[in-house]
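Here's a quick tour of one protein model, with a couple of spots worth finding for yourself. Keep the viewer open while you read.

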Amino acid sequence: MKLTIIVTLCLSSLMASAQLQPVKSGVYRWIEYPVKISEQRESRKILEGTSSHLDYLEIHASTQMAGATPGPAHANKDIEEIIIVKAGTLKVSIEDQSRILGAGGVIILMPREMHSLENVGDGPLTYYVMRYRSKKKMNPERGIMGGGSMMVHQDSLTFKPSYRGGGKAYFDRSTAMCERLEMHLTQLNEKGPSHEPHLHQETEIILMLSGATEMMINGKNYAATAGDFYLMESKLLHGIRNATDAPCSYLAFKWK
């Protein structure tokens, strides 16, 4: 009987994995995310599927209202997370460390570490969560060598000007799930391209923080504003440009 239950559970898990489809490159718009509303929270499911380097990839956005009761601390067995604060004030606790992060704050959360997220501001707190599992075997030791879990406040980073605008480097490192995970902020002050169209091995997401942009991905053109993001799968030609004469800014992160 026990063997039958175990086999059934394994088959169910395999069937669930088999049903996941590759995520689509293109634009994902904030206003199009379906919203689930409860008394203290809102959630927006953005995507779920697989990608070139990941056998599981899920992205959602969560909003905690002011005074919301935080969820219980928990750990992910074989899932790594990136959490990005969109608006509000977040208290993040990972194991025995806590930090307060505002808009633009970023967390890399290693698997198997107890954590909790709490709204400690006077208004709503909204953040994106990207959950993922590598197609290759998880490597916790590599994640520790890369710096372990991280809590990065945008205001702690140095802005480096460029002739197009400037930017901030968040990190460029390895994790338990990624051989390389890199993130930076780019600001473009005037209308025009950030750089020439290019391609690379990594899958990339560009999350819009302000302004309006246009993106070419594999010969197709897209547009996005604050709260939207572009996803470019591995080895797809792409190029982004500021769509107006007003400044724009975005977070770009890529992984393999």
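Let's start with two strands: E5 (residues 80-87) and E8 run antiparallel, joined by 4 bridges. Bear in mind that this is a predicted model. From here we'll look at the strands, then at some rings.

**Strand E8 and its partners**
- On the E5 side, look for Glu 81, which stands opposite Leu 109 in E8.
- E8 also pairs with strand E11 (residues 150-152), again in the antiparallel sense, and this time over 3 bridges.
- In that second pairing, Ile 108 sits opposite Met 150 in E11.
- Which way do the residues of strand E8 (residues 106-109) point? Val 106 and Ile 108 go one way, while Ile 107 and Leu 109 go the other, and all of them are buried.

**The aromatic rings**
- The count of aromatic pairs comes to 4.
- One aromatic pair is Trp 30 with Tyr 33, which is edge-to-face: the centres are 5.5 Å apart, with 70 degrees between the planes.
- That arrangement counts as edge-to-face because the angle between the planes is over 60 degrees.
- Ring pairs also bring in Tyr 128, linking Trp 30, Tyr 33 and Tyr 128 into a cluster.

**Around Trp 30**
- Are Trp 30 and Tyr 33 buried or exposed? Trp 30 has 17% relative accessibility, so it counts as buried, with the cut-off being under 20%.
- Tyr 33 is buried too, as its relative accessible area is 6%.
- Trp 30 has a charged visitor as well: Lys 86 lies over the face of its ring, 4.6 Å from the ring centre.

Conventions. Residues numbered from 1 in each chain as written. Predicted model: local features only at pLDDT ≥ 70, side-chain atom pairs only at ≥ 80, totals over all residues. Heavy atoms only, no water. Phe/Tyr/Trp six-rings, centres within 6.5 Å; stacked < 30°, edge-to-face > 60°. Buried < 20%, exposed > 50% of the residue type's maximum accessible area, 1.4 Å probe, protein only. Lys NZ or Arg CZ within 6 Å of the ring centre and 35° of its normal. Pairing = 2+ DSSP bridges.
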